[in-house]
Amino acid sequence: MSAEGRIHQSMEELVGGTPLLQYRLPGVPEGVRTLAKLEMLNPLASVKDRAVLYMFRAAQESGELKEGGTVIECSSGSTGISLAALCLVHGLRCVIVMPDNATVERQLILRKLGAEIKFVPHGDGLLAAWAYAESLQKSIPGSWLPHQDTNPANVLAHYETTGPELWRDTAGEIDVLVCGVGTGGTLTGVARFLKERRDVHVVAVEPTRSAVISGGEPGPHGIPGIGAGYVSEITDLSLVNEVIAVSDDDAAATSREITQATGLLAGISAGAAAHAARILSRQPRWSEATIVAVFPDSGERYLSVGSD
Ligand code: PMP
């Protein structure tokens, strides 16, 4: 690549193209290859940069997103941060509806990016937060609500970028995909792309305390970003071969193990995915497999809630 080729012109050009890291946690058998897709290396440091860019561009093209308009979204953090950055560079007003237990880091980053925050009681659940965001949108003329859990561009982002990157970087040698489910955009887009090419075993990860895909009850839990308490309409469960529920403690402890093993600060949902990947690695069926886990964000977003 020429020197000029390495100079990017905007934050948008930096989205995606994240690296895969081979890592090994204690207890993972030698014959198994565990790989992490490092989504914290996106410009705003989470997997959500991809979905947000796709939703934003689709809305610009359809005319839903107007110059000088207002963007409203419901987000516990990552999506809001990605949106706020895009709004900043496009001169748009950004209003983020977020549960009042979102980490202080996320609130501070949103404010730094110029977003307005509307807090909703976390005990009321995400569906109540969505209802509030929708009423807000109706009251602000010319505003756009991306609605990440119904927006097909969320899935398309992963079908067109994350999935192909994984396929290319593993040279098609991927047996198991392990992915946390929040909106389900990452899992649905990546799994759809990979399964069109190979019979990849797709494992959805959710919190034990809100294990709705496994048929459990929704509830409050300690793994931000996954376990919304309902299955979103863009989540395609027919792509899921297995569901693994992970406790809050196992997710947090495994996130610390990732740091120990790699030197990287991984978020709590990354810890949940790595915990599930380790469980799978011990099954005889996968004794020589390549298992890929998606690490959605960085542990820097959770320093204020860490236990050590
Ligand atoms: N982990 C974290 C930290 C997230 O912010 C998200 C996005 N909500 C996810 C996992 C899950 O991603 P998705 O919405 O694509 O299911």
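Start by selecting helix 6 and whatever packs over it: its buried residues are covered by elements including helix 1 (48-62), helix 5, strand 7 (176-180), strand 8 (201-207) and strand 10 (290-295). Bear in mind on this tour that you are looking at a predicted model.

**Stop 1: helix 6**

Now colour the buried positions of the helix: G185, T186, L187, T188, G189, V190, A191, F193 and L194. Because nine of the eleven residues of helix 6 are buried, the rest of the structure largely encloses this helix.

**Stop 2: the ligand**

Stay with helix 6 and bring the ligand into view. Which helix gives the most to the shell around the ligand? Helix 6 (residues 185-195) does, with three residues. Next, select the residues around the ligand, 19 of them; G182, T186, G225, S269 and P296 come nearest. T186 is worth a label here, since you have already met T186 among the buried residues of helix 6. Colour the shell by class and you should find six nonpolar, eleven polar and two charged residues.

**Stop 3: two domains**

Zoom out and give each domain a colour. Domain 1 takes in 11-46 + 151-295, and domain 2 is 67-141. How far apart are the C-alpha centres of domain 1 and domain 2? They lie 25 Å apart. Where the domains touch, eight residues of domain 1 are in contact with ten residues of domain 2. On the domain 1 side of that contact there are five nonpolar residues, three polar ones and no charged ones.

**Stop 4: helices 7 and 8**

Select helix 7 (residues 248-262) together with helix 8 (residues 268-281), and look at how they cross. Their axes come within 7 Å and cross at roughly 90 degrees, which means helix 7 is roughly perpendicular to helix 8. To see the contact itself, show D250, A251, A252, T254, S255 and I258 on helix 7, then I268, A270, G271, A272, A274 and H275 on helix 8. By class, this contact has seven nonpolar residues, four polar and one charged.

**Stop 5: the loop between strand 6 and helix 5**

Move to L145, in the loop that runs between strand 6 (143-144) and helix 5 (152-169). Is L145 buried or exposed? L145 is buried, because 23 other C-beta atoms lie within 10 Å. Leaving out residues up to four places away in sequence, L145 touches I72, E73, A133, E134 and Q137. For a distance check, draw a line from L145 to V97: the two are 48 residues apart along the chain, and their C-alpha atoms are separated by 11 Å.

In that loop between strand 6 and helix 5, select H147 as well. H147 has a positive phi of about 50 degrees, although it is not a glycine. Most residues other than glycine have a negative phi. H147 is buried, with 20 other C-beta atoms within 10 Å.

**Stop 6: A45**

A45 sits in the loop between strand 2 (33-38) and helix 1. Its phi is positive too, at about 70 degrees, and A45 is not a glycine. With 20 other C-beta atoms within 10 Å, A45 is buried.

**Last stop: E13**

Finish at E13, in the segment before strand 1 (20-23). E13 is exposed, because it has 12 other C-beta atoms within 10 Å. Measure from E13 to V71 in your viewer: the pair is 58 residues apart in sequence and 21 Å apart in space, C-alpha to C-alpha.

Methods
Residues are numbered from 1 along each chain as its sequence is written. This is a predicted model: local features need pLDDT of at least 70, side-chain atom pairs count only at pLDDT 80 or more; totals for chains, interfaces and linings use all residues. A residue is near a molecule or strand if its C-beta atom, placed from the backbone, lies within 6 Å of it. Helices (H or I, at least four residues) and strands (E, at least two) are DSSP runs, numbered from the N terminus. Ala, Val, Leu, Ile, Met, Phe, Trp, Tyr, Cys and Pro count as nonpolar, Asp, Glu, Lys and Arg as charged, and the others, Gly among them, as polar. Domain bounds come from an automatic or database domain assignment. Two residues are in contact if their C-beta atoms, placed from the backbone, lie within 7 Å. Axes are lines fitted to C-alpha atoms, for helices over the stretch in contact, and angles run from 0 to 180 degrees between N-to-C directions. Angles under 35 degrees count as roughly parallel, over 145 as roughly antiparallel, 65 to 115 as roughly perpendicular and the rest as oblique.
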